[in-house]
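Here's a quick tour of the charged pairs and the nonpolar core in one protein chain. Have a look at the model first, then read on.

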Amino acid sequence: MANSVLRLVSSFCSMVLDDANVSSRFYMAAHELAENIIKYSSGPRVSLELALEEADERACVMKICARNEASPERLREVERRLWELKTASDPVKHYDELISETAMIEGVSGLGLARVRAEGGLDMDYTIEGNHLTIIAHAPVERWRADEQLQG
C-alpha cells in the first residue's frame, strides 16, 4: 500500500511542481511519514495527505500531513523527538548527532523525521490529541503555472 501512495505523491509533485529537486524532497518526506504510519500506528485509522496551498501571489506552501493513532509510550517518545527536531537551531547538526547516537542500536534508528528536516529542508509541526498524532512537513514552493510551463 505504501508504494501506491508514494506513486501518487510522485505523480502529484510532477504535475504541480516544476522543480525535480523540490519534488524529490517531498517524495522522501512522504516515504518517511508513510513508513512511520505503517510501523508505529496502533489502530486502523491512518492518513497521509498532500496539499499545495496558496501563500501569496507568487508562492505556495506544499504540505504533507500524516495522521495515526499510537500508544501513550510511543506518543511520549515521538513528542520528545519532534520537539528536539523542531527547536534544533541546526537541523543538519542535530541529524548528525542522532546518527551517532543510534549507530549502535539495532532495529530502530529513529532517523526518518530528522532526515525530512535535515535533508529535505522541510519544517515540521505536530499535534497530539488523545492518542492521535498529526505530523505536518511543509515548505514554501514557487507557484507553478501551467501557462508558463507550456510557453517555456
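How many residues apart are E77 and R80 in helix α3? They sit 3 residues apart, which puts about one helical turn between them. Keep in mind that this is a predicted model.

## A charged cluster on α3

E77 and R80 form a salt bridge, with N and O 2.6 Å apart. Helix α3 covers residues 72–87. Neither partner is tucked away: E77 is partly exposed at 26% relative accessible area, and R80 is partly exposed too, at 39%.

The pair doesn't stand alone, either. E77, R80, R81 and E84 are linked in a network of salt bridges.

## Bridges across the chain

The total for the model is 9 salt bridges. One of the salt bridges joins R115 and E32, at 2.8 Å from N to O. R115 belongs to helix α5 (residues 112–118) and E32 to helix α2 (residues 20–40), so this bridge ties together parts that are 83 residues apart in sequence. The two ends sit in different surroundings, going by accessibility: E32 is buried at 8%, while R115 is partly exposed at 26%.

Another salt bridge runs between D125 and K86, whose closest N and O atoms are 2.5 Å apart. Here strand β3 (residues 123–129) provides D125 and helix α3 provides K86, linking distant parts of the chain that are 39 residues apart. Both ends are partly exposed, D125 at 27% and K86 at 38%.

## The nonpolar core

Now for the greasy part. In soluble globular proteins, nonpolar side chains tend to be buried together. In this model the largest nonpolar core has 36 residues, and the members that touch the most others are F26, L82, L113, M124 and I135. Plenty of elements chip in: α1 (2–16), α2, β2 (59–69), α3, α4 (91–102), α5, β3 and β4 (132–142) each supply at least two core residues. Which helix gives the most to this core? That would be α2, with 7 residues.

L113 is a handy place to zoom in. Leaving aside neighbours within four places in sequence, L113 is in contact with L33, N36, V78, L82, L85, M124 and I135. Three of those names, L82, M124 and I135, also appear among the core members that touch the most others.

Conventions:
Residues are numbered from 1 along each chain as its sequence is written. This is a predicted model: local features need pLDDT of at least 70, side-chain atom pairs count only at pLDDT 80 or more; totals for chains, interfaces and linings use all residues. Side-chain values use heavy atoms; hydrogens and water are left out. A salt bridge is a side-chain nitrogen of Lys or Arg within 4 Å of a carboxyl oxygen of Asp or Glu. Helices (H or I, at least four residues) and strands (E, at least two) are DSSP runs, numbered from the N terminus. Buried means under 20% relative accessible area, exposed over 50%, partly exposed in between (1.4 Å probe, protein chains only). A nonpolar core is a set of buried Ala, Val, Leu, Ile, Met, Phe, Trp, Tyr and Cys residues joined through side-chain atoms within 4.5 Å. Contact means heavy atoms within 4.5 Å.
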